[in-house]
Amino acid sequence: MENHVYIFAPTFSSFARSIMLCCEEKGIAYRCGMAPQGTEIGFKSPEHLALHPYGKVPVLFHEGQTLFETNTICRYLDARFAGPALQPADPMARARVDERCGEIALYINQALLRDIVLEFAFPKGPDGKVRRDLVEEKLPAARAALRRLGALLGDSPFICGPHYTLADALLTPILDYVAKLPIGSELIGSGALKHYLERMRARPSGQQVLNAK
């Protein structure tokens, strides 16, 4: 087990899928689930809190070590394994990718995934219904986040320019989940973001990860 990459998280986790995309892009063998050593670990159990002090996922297991925080894990995998580089060599270009990763993981994830997608996925309204009033309240921020992404993308094939980077791995699962919402087509629109997502879904990594159960 120690010589394999194990991603401790449910496979539907957006951040877990980002790490899975990195593994697929680099050709890293991995497994993902809630039983890193063959025994299920309960969410926020003492065993979980021993791995992540805030009871979050994902956590990476590799060579007897653990790492948490998605951006850190992705940068480690890119540096540790051979395969296509997912970060530029130029210091400023690399810093720009880090900047985008931070923006996506914090602000974009909050506006789109946590505030919109999770309400549809795990509705907390009466009788388990989606709280439409809450969705309407959050939609302006979601649309602003999507406009920001469209501006960042521009005419580029990827979110940081001409090459696939860690930022694309972070962004793709979020957009994929947004597009699958009942209001997804309206949010994503028919322009650059739609075509970007289509390209990311069509990549071998996207086909493998985005359809995971």
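These legends describe close-up views of a predicted model.

**View 1. Strand β1 is covered on both faces.** Strand β1 spans residues 5-8. V5 and I7 lie on one side of the strand. Y6 and F8 lie on the other. These four residues are all buried.

**View 2. Strand β1 pairs with strand β2 in the parallel sense.** Strand β2 covers residues 30-33. Four bridges link β1 and β2. In one of them, I7 has C32 as its partner. F8 has G33 as its bridge partner in β2. How does the chain get from β1 to β2? The path goes through helix α1, residues 14-26. This β-α-β crossover is right-handed.

**View 3. Strand β1 also pairs with strand β3, here in the antiparallel sense.** Strand β3 is formed by residues 59-62. Three bridges join β1 to β3. F8 stands opposite V59 of β3.

**View 4. The span at residues 90-213 is 72% helix.** The UniProt record, an unreviewed entry, places "domain: GST C-terminal" at these positions. Strand makes up 0% of the span. The C-alpha atoms at its two ends lie 37 Å apart.

**View 5. F12, L118 and F122 form a nonpolar patch on the surface.** Together these residues have about 280 Å² of accessible area. F122 sits in the loop between α4 (91-121) and α5 (132-153). F122 counts as partly exposed because its relative accessible area is 46%.

**View 6. E103 and R100 form a salt bridge in helix α4.** The N to O distance is 3.9 Å. The two residues are three apart in the helix, so about one helical turn separates them. Both E103 and R100 are buried. The pair belongs to a network of salt bridges that links R96, E99, R100, E103 and R148.

**View 7. D176 and K180 meet in a salt bridge through their side chains.** The N to O distance here is 2.9 Å. Are the two partners buried or exposed? D176 is buried, because its relative accessibility is 2%. K180 is partly exposed, with a relative accessible area of 48%.

**View 8. K194 and E198 form a salt bridge in helix α8.** The closest N and O atoms are 2.6 Å apart. Helix α8 covers residues 192-202. K194 and E198 are four residues apart in this helix, so about one helical turn lies between them. K194 is partly exposed, at 32% relative accessible area. E198 is partly exposed too, at 37% relative accessibility. In the whole model, the count comes to 13 salt bridges.

Conventions
Residues numbered from 1 in each chain as written. Predicted model: local features only at pLDDT ≥ 70, side-chain atom pairs only at ≥ 80, totals over all residues. Heavy atoms only, no water. Buried < 20%, exposed > 50% of the residue type's maximum accessible area, 1.4 Å probe, protein only. Pairing = 2+ DSSP bridges. Right-handed = clockwise from strand over helix to strand, strands pointing away. UniProt positions renumbered as here; feature names shortened; annotations may be inferred. Patch = residues over 30% accessible without salt bridge, like charges linked within 9 Å, V, L, I, M, F, W, Y side chains within 5 Å. Areas by Shrake-Rupley, 256 points an atom, 1.4 Å probe, with all protein chains shown as cover. Salt bridge = Lys/Arg side-chain N within 4 Å of Asp/Glu carboxyl O.
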